[in-house]
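Colleague: I should like to understand how a ligand is held in this protein. Could you take me through the model step by step?

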Amino acid sequence: MNELINRQYYLASRPVAAPTPEEVPFRDVPLQDPAAGEAVIRNMFISLDPAIRGWMSEVNNYIEPIALGDPIRSSVIGRVVKSNSELVAEGDVVISVGGWERFTTGPAAGMTKLDENSGIPLSNFLSVLGPTGLTAYFGLLEVGKPKKGETVLVSAAAGAVGSVVGQIAKMQGCHVVGMAGTDEKCRWITEELGFDAAINYKTCGDYVQAIREACPSGVDVYFDNVGGEILDAALMCLNRFARVAVCGWISTYNDADAPGPKNLWQLVAESVTIQGFVVLDYIDRFPEGVAQLAEWVIAGKLKFKEEIVDDLDNVLSTFLRLFDGSNQGKLIIRNPE
Ligand SMILES: NC(=O)c1ccc[n+]([C@@H]2O[C@H](COP(=O)([O-])OP(=O)(O)OC[C@H]3O[C@@H](n4cnc5c(N)ncnc54)[C@H](OP(=O)(O)O)[C@@H]3O)[C@@H](O)[C@H]2O)c1
């Protein structure tokens with residue numbers, strides 16, 4: 001075991017803007033045997049999520065910041081290569097909190113076994129059937145609370161979370177409008193996913209006018225993935241008793257000086273509810289969420305895209321694509337076994 005080398009991309013210093021290779025370099029370290037209760041997994045799939053950028057900073061977040069010197073934290077799917085626990089055995093495939101590294105060593109109690117022969121591609125458990133799909137499911141239904149006939153606006157609408165949000169909102173009988181950064185993304189969500197309208201926020205000009213045109217009855221639910229100027233514009237288009245589900249503010253993650261929203265007064269003007277959430281708020285209901293998402297996927301009612309990029313050494317450059325919009329759906333790094 002000790003002859004194996006673990007390549008790790010780790011946090012050398014805290015980025016103030018987009019993370020650089022100097023802030024997230026790699027090192028090769030000998031792999032140690034697992035301690036009692038631990039197992040070692042060879043990471044096959046590494047989930048790339050915007051939230052990881054938040055964990056690189058010191059700012060209070062829903063889980064503790066990544067410590068300086070630690071591998072960058074990520075959800076991973078891996079195969080157990082050595083176990084010092086009765087909970088998992090060599091050869092098992094598990095989903096776990098891991099890192100940007102070839103091998104992760106951690107408590108076996110935190111590893112959940114997956115059935116690699118179920119016919120479901122393993123990567124789906126990081127995307128539509130994993131944290132991403134569950135974020136859309138619980139965030140929209142429990143925080144946004146859409147009702148039949150209402151208008152739902154979603155930003156980063158062609159992304160991993162946003163694309164699922166829009167399709168679930170359609171299933172609730174809503175008028176659904178998505179905002180995305182290219183015409184190709186706008187075509188995908190309207191022509192293939194069934195959104196009623198799409199706004200290319202990079203070419204539409206005045207956001208408020210564009211939202212009002214696409215949402216002639218006003219906005220009842222705004223599912224906010226981006227914050228910033230789009231949130232400010234959406235606030236100006238809300239109906240009475242609208243709900244704003246704050247899922248993420250990706251437009252601010254690489255900019256510590258990004259201004260806050262200016263139009264929060266609209267919460268008073270229209271008796272609006274705004275609520276942030278993290279998917280972990282619903283951890284007790286994950287089995288229900290996964291079962292419903294799987295049913296929709298199998299029935300062909302829920303479509304999704306995964307962009308799987310080979311090799312750990314592409315991890316940082318691939319991660320940065322979340323912030324320039326060049327990712328096509330859920331971004332995942334694959335380490336061939
Ligand atoms: N609360 C939770 O539990 C939870 C869980 C998962 C994710 N999230 C949040 O959900 C959001 C989406 O995450 P995801 O994993 O589904 O990523 P994603 O949407 O697949 O990828 C990020 C997308 O954000 C858009 N974007 C990037 N910078 C932007 C900017 N400055 N202004 C407007 N749009 C921008 C880009 O699309 P365009 O081409 O359209 O610009 C990019 O493709 C993030 O804010 C994330 O933090 C929250």
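The questions below concern the ligand and its surroundings.

Modeller: This is a predicted model, in which local features need pLDDT of at least 70, side-chain atom pairs count only at pLDDT 80 or more, and totals for chains, interfaces and linings use all residues. Residues are numbered from 1 along each chain as its sequence is written, and side-chain values use heavy atoms, with hydrogens and water left out.

Colleague: Which residues come nearest to the ligand?

Modeller: A residue is near a molecule if one of its heavy atoms lies within 4 Å of it. There are 26 residues around the ligand. Those that come nearest are Lys185, Tyr201, Asn225, Val279 and Asn327.

Colleague: How far from an oxygen atom of the ligand is the side chain of asparagine 327?

Modeller: A polar contact is a pair of N or O atoms within 3.5 Å. The pair here joins an oxygen atom of the ligand and an N or O atom in the side chain of asparagine 327. Their separation is 2.5 Å.

Colleague: What share of the ligand's exposed area does the protein bury?

Modeller: Accessible areas come from the Shrake-Rupley method with a 1.4 Å probe. Taken alone, the ligand exposes 910 Å². Of that area, the protein buries 91%.

Colleague: Which domains each supply at least three residues of the shell around the ligand?

Modeller: Domain bounds come from an automatic or database domain assignment. The shell draws at least three residues from each of domain 1 (5-127 + 305-334) and domain 2 (131-280).

Terms used:
Polar contact = N/O pair within 3.5 Å; in protein donor to acceptor, adjacent residues only side chain to side chain.
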